[in-house]
Amino acid sequence: MSTNRRYLTTPIYYASGDPHIGHAYTTILSDVLARFWRQDGEEVLFLTGTDEHGPKIEDEAAKRNTTPLELCDEMAGRFAAAWDILAISHDRFIRTTEEEHKAVVTAFIQRLWDRGQIYEGQYSGWYCVHEERYWTEKDLGPDNSCPDCKRPVQHLEETNYFFKMSEYQGQLLAHIEANPNWIVPEERRNEIVGFLQQPLGDLSISRPKSRVSWGITLPFDEDHVAYVWVDALINYLTASGAIDPSQESGAQGFDDVSGSWWPCDLHLVGKDIITTHAVYWPTLLMGVGLPLPRQILAHGWWVVGDTKMSKSLGNVIDPLALSDEFGTDAVRWYLLREMPTGSDASYTTERFMTRYDELANILGNLASRAIAMIGKYRDGVVPNAAGTGLLAETEATFATARDAMSRYRVHEALAAAMELARAANGYVEERQPWSQAKDPEGSDALDETLATLARVLAALCALFQPVAPAKMVDLAARLGLDGVPTLDGALALAMTGRSVRKGEPLFPRIQQTREQVQG
Ligand code: MSP
């Protein structure tokens, strides 16, 4: 993995429906990683966007009596607006209907063709439009339904172009075996290894325009469009800047990606789309002769109570409504603290409240009381003292957080940060600054207590920054800092003499929030 440059991607979301909490989770998880790396001095390219071709979009547009492009314009706008509200710091928002992307897909497919990787054949089988994927007869559920989403599947018999995916089975398996961390977590890696131990077929990469017209036309047969997954996966390459389709073949960048962001450092995906990312995508890259992404991280699934979220059940959680009620940083904290990376988690209002209370009662409370005491006892100026209480705990927390983040165990990093805040509240109880203030001999001890609290708050500001960026900018200002400290900077920061400032609670108690919302 490169040390000072990192290219990170989310899946591109279908432009057929509104963003929900599942999309928000993937994007926030990516954002927390991106912010953490940037805070640590790395240069990051963070990509997200929308997946805009294929029958799913075509059907939805027809249902709404609009054109596919109009639907996509609207939905891409909604995703971008949602990411703004949720404080996503992506560097690029790609849409697969962009001219640049279409040109890269065309060049990619032409390259496969030129290298003898594609042949024409007959497809006969079952297709689920909702999942945009094929099923074999034996996979189907009752009444020819999709085993994943339970919707009816279509029987297809048509001419398709096929990519010789099967030729790369051994090479891919060898790559996975030689790079045990290529797919994380291990459970997903094992799933893919198991899949690759079965015979691997070739991949249909086209659709006849007579059935699907909303797509990118194949360069060598204008009666066919690219299969939407092939089109979509290539977005990662488009945004990397590796391929310049305007150049003659041979100079387009397929033989030399230096100077671009390719290969990608991390594709972050939900576990539902691990096969497309860990089998289709790498074999396609092998087919054109490009290096593989360095790592694929698959996270788990958000369910509601114990049921899958779905439009038809009417139980889809809207992250924007939650953000409106409790604030963006609280939503980010809940989602990232609650779900162990890689596992499933269940959304419940009770759990949301419990997690919110941690912010309000532990972190928020610590900030309020420490700043109030510096105000009351030292005129709002951090006293000159070593401030070395909790130093070992603070250092240990940074080490734990760094280690957890390097393994994408974001929930562990966040838990450790909250533990430090809890320990600092314990430190206040133990030191009793209000008694130190009354004790005529207690002045130095009080200075030490207050200096320690100021230092720990600066450290917490750095630790919580990736998950709660807006609130930590606010906290940094209240602590008299010029900005949120870097990870390395936080421990070495001189706090003496800084003027602190009181303010509204960083995280108002829920009762208050509810009253505010109700006006
Ligand atoms: N368009 C494809 C991806 C193409 S990437 C080249 C797609 N889009 S999607 O809109 O269905 O979004 C899928 C992703 O959203 C999942 O992989 C996952 O990251 C996220 N989630 C959607 N629902 C989710 C949950 N209920 N829980 C967690 N994440 C989920 O597939």
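**Notes on the sheets and the ligand site**

1. A good place to start is the pairing of β1 with strand β2 (residues 43-51), which is parallel and runs over eight bridges. Within this pair, Leu8 has Phe46 of β2 as its bridge partner. Strand β2 is mostly covered, with eight of its nine residues buried. Please keep in mind while reading that this is a predicted model.

2. Stepping back to the whole sheet, β1 and β2 belong to an open sheet of six strands with parallel pairing, in the order β3-β2-β1-β12-β13-β7. At its edges stand β3 (92-95) and β7 (183-184); each has a single partner strand, so one side of each has no neighbour in the sheet. On strands in general, side chains alternate between the two faces of the sheet when the strand is regular.

3. Now to the ligand, which you will probably want to look at first. Which residues come nearest to it? Of the 23 residues around the ligand, these are Ile12, Thr26, Asp51, Asp272 and Trp302. By class, the shell is made up of twelve nonpolar, nine polar and two charged residues.

4. Three polar contacts are worth checking in your viewer. A backbone N or O atom of Ile12 lies 2.8 Å from a nitrogen atom of the ligand. In the side chain of Asp51, an N or O atom is 2.7 Å from a nitrogen atom of the ligand. For His23, a polar side-chain atom lies 3.4 Å from an oxygen atom of the ligand. How much of the ligand's accessible area does the protein cover? On its own the ligand has 670 Å² of accessible area, and the protein covers 94% of this.

5. Several elements help to build the shell. At least two residues each come from β1 (5-14), α1 (21-39), α7 (228-233) and α8 (235-240). Strand β1 gives the most, with four residues. The strand that pairs with β2 over eight bridges is thus also a contributor to the ligand's surroundings.

6. Helix α1 deserves a point of its own. Its 19 residues should span 27 Å at 1.5 Å a residue, and the end C-alpha atoms are 26 Å apart, so the two values agree. Is α1 mostly covered or mostly exposed? It is mostly covered: 18 of the 19 residues in α1 are buried. Just after the helix, Gly41 takes a positive phi of about 90°.

7. Another group of strands is antiparallel. Strand β4 (residues 118-128) pairs with strand β6 (residues 154-163) in the antiparallel sense, over ten bridges. Two of the partners are easy to find: Gly121 is bridged to Asn160 in β6, and Tyr127 to Gln154 in β6. Strand β6 also pairs with strand β8 (residues 203-204), again in the antiparallel sense, over two bridges. There, Phe162 stands opposite Ser204 in β8.

8. Strand β4 has a further partner in strand β5 (residues 133-135), to which it is joined by three bridges, the two running antiparallel. Tyr127 appears here as well, standing opposite Tyr134 in β5. The hairpin of β4 and β5 has four residues between the strands, and in this hairpin Glu132 takes a positive phi near 50°. If you check backbone torsions, Glu132 and Gly41 are two residues to look up.

9. There is also an open sheet of three strands, ordered β15-β14-β16, with mixed pairing. Its edges are β15 (307-308) and β16 (345-347); because each has a single partner strand, one side of each is left without a neighbour in the sheet. Strand β14 (residues 302-304) runs parallel to β16, and three bridges join them. The bridge partner of Val303 in β16 is Ser346.

10. Last, a look at Pro340, which sits in the loop between α11 (328-338) and β16. Is Pro340 buried, exposed or partly exposed? With a relative accessible area of 26%, Pro340 is partly exposed. In sequence Pro340 and Tyr408 are 68 residues apart, while their C-alpha atoms are 9.5 Å apart in space.

Technical notes
Residues numbered from 1 in each chain as written. Predicted model: local features only at pLDDT ≥ 70, side-chain atom pairs only at ≥ 80, totals over all residues. Heavy atoms only, no water. Pairing = 2+ DSSP bridges. Near = heavy atom within 4 Å. Polar contact = N/O pair within 3.5 Å; in protein donor to acceptor, adjacent residues only side chain to side chain. Areas by Shrake-Rupley, 256 points an atom, 1.4 Å probe, with all protein chains shown as cover. Nonpolar A, V, L, I, M, F, W, Y, C, P; charged D, E, K, R; others polar. Expected span 1.5 Å × (residues − 1). Buried < 20%, exposed > 50% of the residue type's maximum accessible area, 1.4 Å probe, protein only.
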